[in-house]
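Subject: Structure handed over, with notes

Dear colleague,

Please find below the structure I promised to pass on. My notes on it follow directly after.

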Amino acid sequence: MALQIFRTKPISAHDNADQTLNRCLSAWDLTFLGIGAIIGTGIFVLTGIAAATQSGPAVVLSFVIAGFACAFAALSYAELSAAVGGCGSAYGYSYAAFGELLAFIIGWDLLLEYGISVAAVANGWSGYFNNALTSMGIPLPDMLTKAPKLGGLINLPASLIILILMILLIIGVKQSAKANNAMVIVKLITISIFIGIAAFNVHPENWHPFMPFGWYQVLPDGKTSGVLAGASLVFFAYVGFDAVSTAAEEAKNPQHDLPFGIVASLSFCTIIYIVVSALLTGVVPYTDLNVSSPVAHALKLIGFNSASALISTGVIAGLTTVMLVLYYGLTRIIFAMSRDGLLSPFFSRVNPKTQTPVRVIVICGVIMAFVAGLIPLGDLAELVNIGTLAAFVLVCLGVIVLRITKPDMIRPFRSPYSPLFPVLGMLSCSALMAFLPALTWLRFVVWLVIGLIVYFTYSIRHSKLAKS
């Protein structure tokens, strides 16, 4: 049993696998995938919430700290994505470095994170979409925009947008990438408009006090606040670069294109986050930003109503790209686990016409649409960050382990200053996990226990490695 759970997978790019995907994505497609996922909820929603409730104007520092943690992890991702390959992201790298059980746990963990992320962002998208309809004089009734827990019947827009994205992903990844690229351009224009207006309306007195909540404190109700707690919250904003690595089997030149897409998208988005969060807390007091649309709300408060409406339109496009990329990443992780035998082979069938895993796309879409329509945003958002941080810790550790166990492995990209940078990635991501509330940890453990039951009742016997 012990030998079985620690069996490692041979390193292979899967070019000769029975079920393969279409190599059609360029380095810039991958960079735009990363930007599409990274710039979304973090900049349009979490910036204001983190400033108002966690960090104050020092939310800039929260983004810097979270960005540094992600930078170390991103370099490790870049090394492993180029050397190990495969579409399973951290799951695939863990399989090569640590063995089957830990790989399954990380894969199972990522299923929760990606799936809940899509449903959570769909809730936010629904709010902006209904605001746009309201401004046009055709608001939807509350019963169709709220979950049953909030007094409604179903959050219909949240469910429908996921089903629309489901159809887009079925059609093909290249078409999905083109749609993503177009929406990313709209999103960047939106952010440029905000920066252009806000830069000339900053009031430095709004930055005082700079750190009203200090570095870190635990409140009587168990919740946390301060710059470090804010960093744990806004970390969700950076998850997108992980999704880039799930596209390894659809990249034209993965050894070059994946490191480029991962590092370029993270670097660009970190700069954007720092600039926007500094301007946002400079144009209005941070106490006014605890709203679901802080960027548009800030422009409205300083009298730019038309620009505020334009920002809201850009946000709808922006959140759509986040859902599209995370949904895409989720289906590719399930596909990889199924092809390895850890989940049913039912999930790894590729449609010969579209060269996409249609079954997985449809099943995930229906489940996420159901969850997004019936569960409110607050309950969803709490579950997201901890598992992603755990995956990042293991990816950094994987670089160190594979440098020792497979020193001769071809590495087209090497994380610099190893093992220093991977160790710093492990320490910083572990610290951010420690700053999360206890309830988040409890839910995380429950999900992992369910995963262990699945592994020991099904996966350990049906694994491709077990059969070989």
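The protein has 19 helices and two strands, where helices (H or I, at least four residues) and strands (E, at least two) are DSSP runs numbered from the N terminus. Please bear in mind that this is a predicted model, in which local features need pLDDT of at least 70 and side-chain atom pairs count only at pLDDT 80 or more, while totals for chains, interfaces and linings use all residues. Residues are numbered from 1 along each chain as its sequence is written, and side-chain values use heavy atoms, with hydrogens and water left out.

On overall form, the radius of gyration, taken over C-alpha atoms, is 21 Å, which agrees with the value near 23 Å for a compact globule of 468 residues, the rule being 2.2 Å times the number of residues to the power 0.38. The C-alpha trace spans about 65 × 45 × 40 Å along its principal axes. Of the contacts (heavy atoms within 4.5 Å) between residues at least 6 apart in sequence, 82% join residues at least 24 apart.

As for the surface, about 17,900 Å² is accessible, and 71% of that area belongs to carbon and sulfur atoms, as computed by the Shrake-Rupley method with a 1.4 Å probe. Buried residues make up 57% of the 468; here buried means under 20% relative accessible area, exposed over 50%, and partly exposed in between (1.4 Å probe, protein chains only).

One helix that I looked at in detail is H2, residues 27–38, whose 12 residues reach 17 Å from the first C-alpha to the last, close to the 16 Å expected at 1.5 Å a residue, with that expectation taken as 1.5 Å times one less than the number of residues. Because 11 of its 12 residues are buried, H2 is largely enclosed by the rest of the structure; among the buried residues are Asp29, Phe32 and Ile38.

Two peptide bonds deserve a look in the loops. The bond joining His208 and Pro209 is cis, with omega about -5°, and Pro209 lies in the loop between helix H8 (173–198) and strand S1 (217–218). The bond from Ser418 to Pro419 is also cis, with omega near 10°, and Pro419 belongs to the loop between helix H16 (385–405) and helix H17 (420–434). That loop between H16 and H17 also holds Tyr417, a residue other than glycine with a positive phi, near 55°, and Tyr417 counts as exposed because its relative accessibility is 62%.

With best regards
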